[in-house]
Amino acid sequence: QALKTALEAKNYPAATTALAAAQSAARSGYSRYLASALQLRLALETKNYGLQTTAIDAMIGSGAAPASSLPQLYKSQGALAMSAGEYEDAEAAFTRWSQVAPNDPEAFLALAEAKNVRKKVPEAVTLIAHAIKIQETANRPVPESWYLRGLKHAFDAKMVPQSLALSQGLVAAYPSPQNWRDALLVRRDLGQLDPAATIDLLRLLRGSQALAGERDYYALAEALIGAGFGAEAKAVLDEGIAAKMVDASEGRTKDLLASAKKAATASSALAGLETKATAATTGTAAMTAADAYFGHGDYAKAAALYRTAIQKGSVDANVANTRLGMALALAGQKAEAETALRTVTGPRADLASLWLLWLAQRG
């Protein structure tokens, strides 16, 4: 009572003296808890961080803290340990917080940060993903920063499945051009994509209006030229020039435009490719013709030829169905595009799922 009276009067020297007497007199767990709670009040009002830590530890150690107060106590205990650089203690406190508040995503995010500081990155990524799941289960929006934090940790640790899941979650919830760019370049930089799949991913970068500068336009144009899509490469460079992201007077731009012209299939040759595809017994010629029409922006004709290629066989069905879905999507045939993209399996499945996400966001 003397301690409480001194605190109410803001007589902190008297409170400090009374605190020692109260602690000495406290015998039961509950009385120790009450004395420590008043000690915490004294520590907060005097901004004594060391005393705050001691008080919180004592409140928890008394064994008499109400269950409803434990989450906040462990949270504060961990936060003070983090600020003091005592990361092992912080991890222990946040672990207990997550145990007594299993539906509080903030507990798992705090624990993830402590794990990350201690170089336990895979555990941190798992905890962030769990926090996101809690939020989703409760039908609450997941803050963009959670996805970005988890994606950074997962990418830095080369955790491929987790990076893909977090990047897709990011663009599904926050489909800005910047987030699309981050998600797609993360996918590219994680590897495991062959040159053809890389081109199809960079095409999505273009489709999502996420080409952000000269480097992006050059990377896509060079990849397209290397694969023989000269007309498409020229269209990309022309877009970059129109957007003032590519300098038409630069030597590299001029060289790429010249190379694109050489690599382009002449418009007059397209009909011949289609005729050859129709007469062929396998789908290889139809696939070549479909790619040529796709590169020229004739997506409806490309889609018809991709279907022919799939029907006749002797082509990679996953590549053909990916590009069929892309062509249909760009031709405005949403339902048909979704059907084609959903058939894709194997290494291209995540690429197809990214195209499906983009397609869903087009309305």
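Select alanine 90 and show its neighbours: leaving aside residues up to four places away in sequence, alanine 90 touches Gly78, Ala81, Met82 and Ala114. The model on your screen is a predicted one. Alanine 90 lies in helix H6, which runs over residues 87-100. Is alanine 90 buried or exposed? Its relative accessibility is 0%, so alanine 90 counts as buried. The cut-off for buried is under 20% relative accessible area.

Keep alanine 90 selected and add alanine 290. The two alanines are 200 residues apart in sequence, and their C-alpha atoms are 59 Å apart in space.

**Next stop: the whole protein**

Zoom out and colour by secondary structure. How many helices and strands are there? The protein has 21 helices and 0 strands. Turn the view to see the extent along the principal axes: the C-alpha trace spans about 100 × 45 × 35 Å. The radius of gyration is 30 Å, whereas a compact globule of 363 residues would have one near 21 Å.

Now switch on the surface. The accessible surface comes to about 17,300 Å², and 55% of this area belongs to carbon and sulfur atoms. Of the 363 residues, 44% count as buried. For contacts with a separation of 6 or more, 51% are between residues 24 or more positions apart. Colour by charge as well: there are 38 positive and 34 negative charges, and the mean positions of the two sets are 2 Å apart.

**Next stop: glutamine 77**

Hide the surface and select glutamine 77 in helix H5, residues 70-83. Which side chain does the side chain of glutamine 77 meet in a polar contact? The partner is the side chain of aspartate 57, at 2.6 Å. Show the other neighbours too: beyond the residues up to four places away in sequence, glutamine 77 touches Ile56, Asp57, Ile60, Ala93 and Arg96. Glutamine 77 counts as buried because its relative accessibility is 15%, and the limit for buried is under 20%.

**Next stop: two loops**

Select asparagine 139. Where is asparagine 139? It sits in the loop between helix H8 (121-137) and helix H9 (144-156). The phi angle of asparagine 139 is near 60°, a positive value in a residue other than glycine. With a relative accessible area of 71%, asparagine 139 is exposed, since exposed means over 50%.

Then go to glutamine 209, in the loop between helix H12 (195-207) and helix H13 (214-226). Phi of glutamine 209 is near 55°, and this is again a positive value in a residue other than glycine. Glutamine 209 has a relative accessible area of 65%, so it is exposed.

**Next stop: aspartate 156**

Select aspartate 156 in helix H9. Add lysine 152 and show both side chains: a polar contact of 2.9 Å joins them. What is the relative accessible area of aspartate 156? The value is 48%, so aspartate 156 is partly exposed. Partly exposed covers the range between the 20% and 50% cut-offs. For a longer view, add leucine 3: aspartate 156 and leucine 3 are 153 residues apart in sequence and 52 Å apart in space, C-alpha to C-alpha.

**Last stop: helix H16**

Select residues 267-279, which form helix H16, and pick out glutamate 274 within them. Not counting residues up to four places away in sequence, glutamate 274 touches Ala289, Tyr293, Lys301 and Leu305. With tyrosine 293 there is a polar contact between side chains, at 3.3 Å. Glutamate 274 has a relative accessible area of 23% and is therefore partly exposed. Now bring lysine 47 into view: glutamate 274 and lysine 47 are 227 residues apart in sequence, with their C-alpha atoms 79 Å apart.

Stay in helix H16 and select glycine 272. Glycine 272 is partly exposed, because its relative accessible area is 42%. Add alanine 289 to finish: glycine 272 and alanine 289 are 17 residues apart in sequence, and the distance from C-alpha to C-alpha is 8.8 Å.

How values were computed: Residues numbered from 1 in each chain as written. Predicted model: local features only at pLDDT ≥ 70, side-chain atom pairs only at ≥ 80, totals over all residues. Heavy atoms only, no water. Helix = DSSP H or I, 4+ residues; strand = E, 2+ residues; numbered from the N terminus. Buried < 20%, exposed > 50% of the residue type's maximum accessible area, 1.4 Å probe, protein only. Contact = heavy atoms within 4.5 Å. Polar contact = N/O pair within 3.5 Å; in protein donor to acceptor, adjacent residues only side chain to side chain. Rg over C-alpha atoms; globule rule 2.2 N^0.38 Å. Areas by Shrake-Rupley, 256 points an atom, 1.4 Å probe, with all protein chains shown as cover. Lys, Arg positive; Asp, Glu negative; His and termini not counted. Charge placed at Lys NZ, Arg CZ, Asp CG, Glu CD.
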